[in-house]
Each structure stands twice: as structure tokens, then as C-alpha cells.
Amino acid sequence: MATISEIESWADTHHPKWIDFIRVALGLFIFYKGVMFIANTNALMEMMSNSDLRFFNLALAHYVAFAHLVGGGLIAFGLLTRFAIIFQIPILIGAVFFVNINQGFLSVSNNLEFEISLAVLILLIVFLFYGSGKFSLDYWMKNHPNW
């Protein structure tokens, strides 16, 4: 536990301010993907099509949409950022290694889902380490505990 506190303390003191704008954009993008999953649930179900596990796929589709909506909002506002990222990482690992890996880099169909999923996964890992930063509700609540 002391190691985690040391990492968090180091990340807070070495956190560049410009990276907060990337965190906000990442959160808004994840939120947007959640809205798109809800608007087009059939496309999500087709991506995860497996006739043996139809109920599991339906539950997984709802988890992905809910986690993207709530987690994207939390990441964008910088509220419980690391907690929200922990719920996003398994989704992106699944997207990168199981759903979009067949397309590969720069596929003929020019579908950039694999590259986008990989970039979002890398950014989530970066923000899991760095945290929410100074332009966040976490930082504001830490400095205003009695408000």
C-alpha cells in the first residue's frame, strides 16, 4: 500500500497540466462510444456473436455500454478516475485482443477500430498511473474537504 501511495504522490507532483485535456477528451470519447453502443446495440451484438452464449453476450453488451457511459463521464470530470479506468481496461483488452485483432494495422477496409482501441487502451494505462490531475474534481475535492 505504501508503494501505491508513493506512485500516486510522484504522479501528482510530475503531472503536466496539458495532459488533463487529453484525459477530458478520452473521457468524452469513451462516453460517446457508450452512447453509440446504446444507439446500435445490434451492431455490438454482431461483433460478439456466439450462439452458445447469447445471454452472456447480452449481459456483456449492457456492461460495456453502462461502463462506457458512467466511466467516460467520470474520467472526463476527473472524479474517481483510477476507479473508472479499472472498469474500462478489461473492455479495451477485449476489444484489442479479441474483437478487433482480426483487422490488424491499416487494414484494407480502412477501418481504424483496432488502432483506436489500442490507443485508448494505452491512454487508459497512462491515466491509471498518472491519475486525474489538477483540472479535476478529485483534485478540487482534495483541496476543499469541508465544502
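These are my notebook entries on a predicted model of a single chain.

**Entry 1: the overall fold**

I began with the secondary structure, which comes to seven helices and zero strands. Read along the sequence, my list of elements is simply α-α-α-α-α-α-α. Next I looked up burial: of the 147 residues in the chain, 35% are buried. The accessible surface is about 9500 Å², and carbon and sulfur atoms account for 71% of that area. I also looked at contacts between residues at least 6 apart in sequence, and 71% of them join residues at least 24 apart.

**Entry 2: helix α2**

Which residues of α2 are buried? I noted I19, D20, R23, L26, G27, I30, K33, G34 and F37. These buried residues cover an arc of only 140° around the axis, so they sit on the same side of α2. A reminder to myself: an α-helix has 3.6 residues a turn, so residues three or four places apart point the same way. On the other side of α2 I found F21, L28 and A39, which are exposed. I checked the length of α2 too: its 21 residues reach 30 Å from the first C-alpha to the last, close to the 30 Å expected at 1.5 Å a residue.

**Entry 3: the salt bridge**

How many salt bridges does the model have? The count comes to one. I traced it to the side chains of E113 and K33, with 3.5 Å from N to O. E113 belongs to helix α6 (residues 113–130) and K33 to helix α2 (residues 19–39), so this pair ties together parts that are 80 residues apart in sequence. Is each partner buried or exposed? E113 counts as partly exposed, because its relative accessibility is 27%, while K33 is on my list of buried residues in α2.

**Entry 4: the end of α4 and the loop after it**

I then turned to L74, which is in helix α4. Leaving out residues up to four places away in sequence, L74 touches L79, T81 and A84. I also looked up its separation from F31: the two are 43 residues apart along the chain, and their C-alpha atoms are separated by 9.3 Å.

Moving along, I stopped at L80, in the loop between α4 (54–77) and α5 (81–99). What caught my eye was its phi near 55°, a positive value in a residue other than glycine. L80 is partly exposed, with a relative accessible area of 47%.

**Entry 5: a nonpolar patch on the surface**

Which residues make the nonpolar surface patch? I wrote down F77, L137, W140, M141 and W147, which together make a patch of about 630 Å². Helix α7 (residues 137–143) gives the most to this patch, with three residues.

I looked at two members of the patch separately. F77 is in helix α4 and is exposed, because its relative accessible area of 58% is over the 50% cut-off. L137 is in helix α7 and is partly exposed, at 35%.

What does L137 touch, leaving aside its neighbours within four places in sequence? I found F77, G78 and L79. G78 is 59 residues from L137 in sequence, yet the C-alpha atoms of the two are 5.3 Å apart in space. I closed the entry by noting that F77 is both a contact of L137 and a fellow member of the patch.

Conventions
Residues are numbered from 1 along each chain as its sequence is written. This is a predicted model: local features need pLDDT of at least 70, side-chain atom pairs count only at pLDDT 80 or more; totals for chains, interfaces and linings use all residues. Side-chain values use heavy atoms; hydrogens and water are left out. Helices (H or I, at least four residues) and strands (E, at least two) are DSSP runs, numbered from the N terminus. Buried means under 20% relative accessible area, exposed over 50%, partly exposed in between (1.4 Å probe, protein chains only). A salt bridge is a side-chain nitrogen of Lys or Arg within 4 Å of a carboxyl oxygen of Asp or Glu. Patches are made of residues with over 30% relative accessible area and no salt bridge: like charges are joined within 9 Å, nonpolar side chains (Val, Leu, Ile, Met, Phe, Trp, Tyr) within 5 Å. Accessible areas come from the Shrake-Rupley method with a 1.4 Å probe; for residues, only the protein chains shown count as cover. The expected span of a helix is 1.5 Å times one less than its number of residues. The arc is that of the directions from the helix axis to the C-beta atoms. Contact means heavy atoms within 4.5 Å.
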